[in-house]
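Here are my notes on the model you sent, set out as numbered points. Please read them with the sequence and the structure open beside you.

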Amino acid sequence: MSDLPFKEEFIEEEVSVRTFDETIDPEELKWHQDDENRIIEVIDGGGWFIQYDNQLPEPLYENKTYLVRKGEWHRVLKGTGDLKILIKRF
């Protein structure tokens, strides 16, 4: 069993799709840093947010991309329904 708050399917070595279930406990969505730069594209999700360190939460819109820089503190905030995102690492 995974301790991660999402299911992940790799499409390529550096590309994956993550799904956060609508029933997730918001306490599981913790502040964290990534080991590489990432471009995130929202495939599906309603009312979810991304929050970067020292910034207000920003809505995650379908078909919009977001940049998360290596080592940048960030978190996802729960919305309604499942959240599905495409992640490209570079």
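1. In which strand is Leu67 found? The model is a predicted one, and in it Leu67 belongs to strand β6, which covers residues 65-68. Leu67 has a relative accessible area of 33%, and therefore ranks as partly exposed. Together with Ile39 and Phe90, Leu67 makes up a nonpolar patch on the surface, and the three residues have about 260 Å² of accessible area together.

2. Glu72 is placed in the loop between β6 and β7, the latter being residues 74-77. Once neighbours within four places in sequence are set aside, the residues in contact with Glu72 are His32, Gln33, Tyr52 and Leu67, so that Leu67 of the surface patch appears again here. From Glu72 to Ile11 the C-alpha to C-alpha distance is 24 Å, with their positions 61 residues apart in sequence.

3. The salt bridges deserve a point of their own, and the structure holds five of them. One of these joins Arg89 to Glu8, where the closest N and O atoms are 2.7 Å apart. Because Arg89 sits in strand β8 (residues 80-89) and Glu8 in strand β1 (residues 7-12), this pair ties together parts of the chain that are 81 residues apart in sequence. The two partners can also be described by their accessibility: Arg89, at 11% relative accessibility, counts as buried, whereas Glu8, at 30%, counts as partly exposed. Glu8 and Arg89 are moreover linked with Arg18 in a network of salt bridges.

4. Two further salt bridges can be set side by side. In one, the side chains of Asp34 and Arg38 meet at 3.6 Å, N to O; Asp34 is buried at 9% relative accessibility, and Arg38 is likewise buried, with a relative accessible area of 9%. In the other, the side chains of Glu58 and Lys64 meet at 3.8 Å, N to O. Here Glu58 counts as partly exposed, with 26% relative accessibility, and Lys64 counts as partly exposed too, with 35%.

5. Turning to the aromatic residues, a search of the whole structure finds two aromatic pairs. One of them is formed by Phe20 and Trp48, whose arrangement is tilted, with 6.1 Å centre to centre and 50° between the planes. This pair links distant parts of the chain, 28 residues apart, since Phe20 lies in strand β2 (residues 15-20) and Trp48 in the loop between β3 (38-46) and β4 (49-52). Both Phe20 and Trp48 are buried, and with Phe6 they form one aromatic cluster.

6. Which residues of the largest nonpolar core touch the most other members? Of its 16 residues, they are Phe20, Trp48, Leu60, Tyr66, Leu83 and Ile85, so the tilted pair of the previous point is represented here by both its residues. At least two residues of this core come from each of β3, β4, β6 and β8, and β8 gives the most, with three residues. For Leu60, leaving aside neighbours within four places in sequence, the contacts are Val42, Gly45, Trp48, Phe49, Ile50, Tyr66 and Leu83, a list that includes Trp48, Tyr66 and Leu83 from among the core residues already named.

7. Glu13 is located in the loop between β1 and β2, and its relative accessibility of 69% makes it count as exposed. Although Glu13 and Arg89 are 76 residues apart along the chain, their C-alpha atoms are separated by 8.9 Å. In accessibility the two stand in contrast, for Glu13 is exposed while Arg89 is buried.

8. Finally, two backbone positions should be looked at with some care. Most residues other than glycine have a negative phi. Asn54, which is not a glycine, nevertheless has a positive phi of about 60°; Asn54 lies in the loop between β4 and β5 (58-59) and is exposed, with a relative accessible area of 75%. Asn63, again not a glycine, has a positive phi of about 65°. Asn63 is placed in the loop between β5 and β6, and at 63% relative accessibility Asn63 counts as exposed.

Conventions. Residues are numbered from 1 along each chain as its sequence is written. This is a predicted model: local features need pLDDT of at least 70, side-chain atom pairs count only at pLDDT 80 or more; totals for chains, interfaces and linings use all residues. Side-chain values use heavy atoms; hydrogens and water are left out. Patches are made of residues with over 30% relative accessible area and no salt bridge: like charges are joined within 9 Å, nonpolar side chains (Val, Leu, Ile, Met, Phe, Trp, Tyr) within 5 Å. Accessible areas come from the Shrake-Rupley method with a 1.4 Å probe; for residues, only the protein chains shown count as cover. A salt bridge is a side-chain nitrogen of Lys or Arg within 4 Å of a carboxyl oxygen of Asp or Glu. Helices (H or I, at least four residues) and strands (E, at least two) are DSSP runs, numbered from the N terminus. Buried means under 20% relative accessible area, exposed over 50%, partly exposed in between (1.4 Å probe, protein chains only). Contact means heavy atoms within 4.5 Å. Rings of Phe, Tyr and Trp (its six-membered ring) pair if their centres lie within 6.5 Å; planes under 30 degrees apart count as stacked, over 60 as edge-to-face and the rest as tilted. A nonpolar core is a set of buried Ala, Val, Leu, Ile, Met, Phe, Trp, Tyr and Cys residues joined through side-chain atoms within 4.5 Å.
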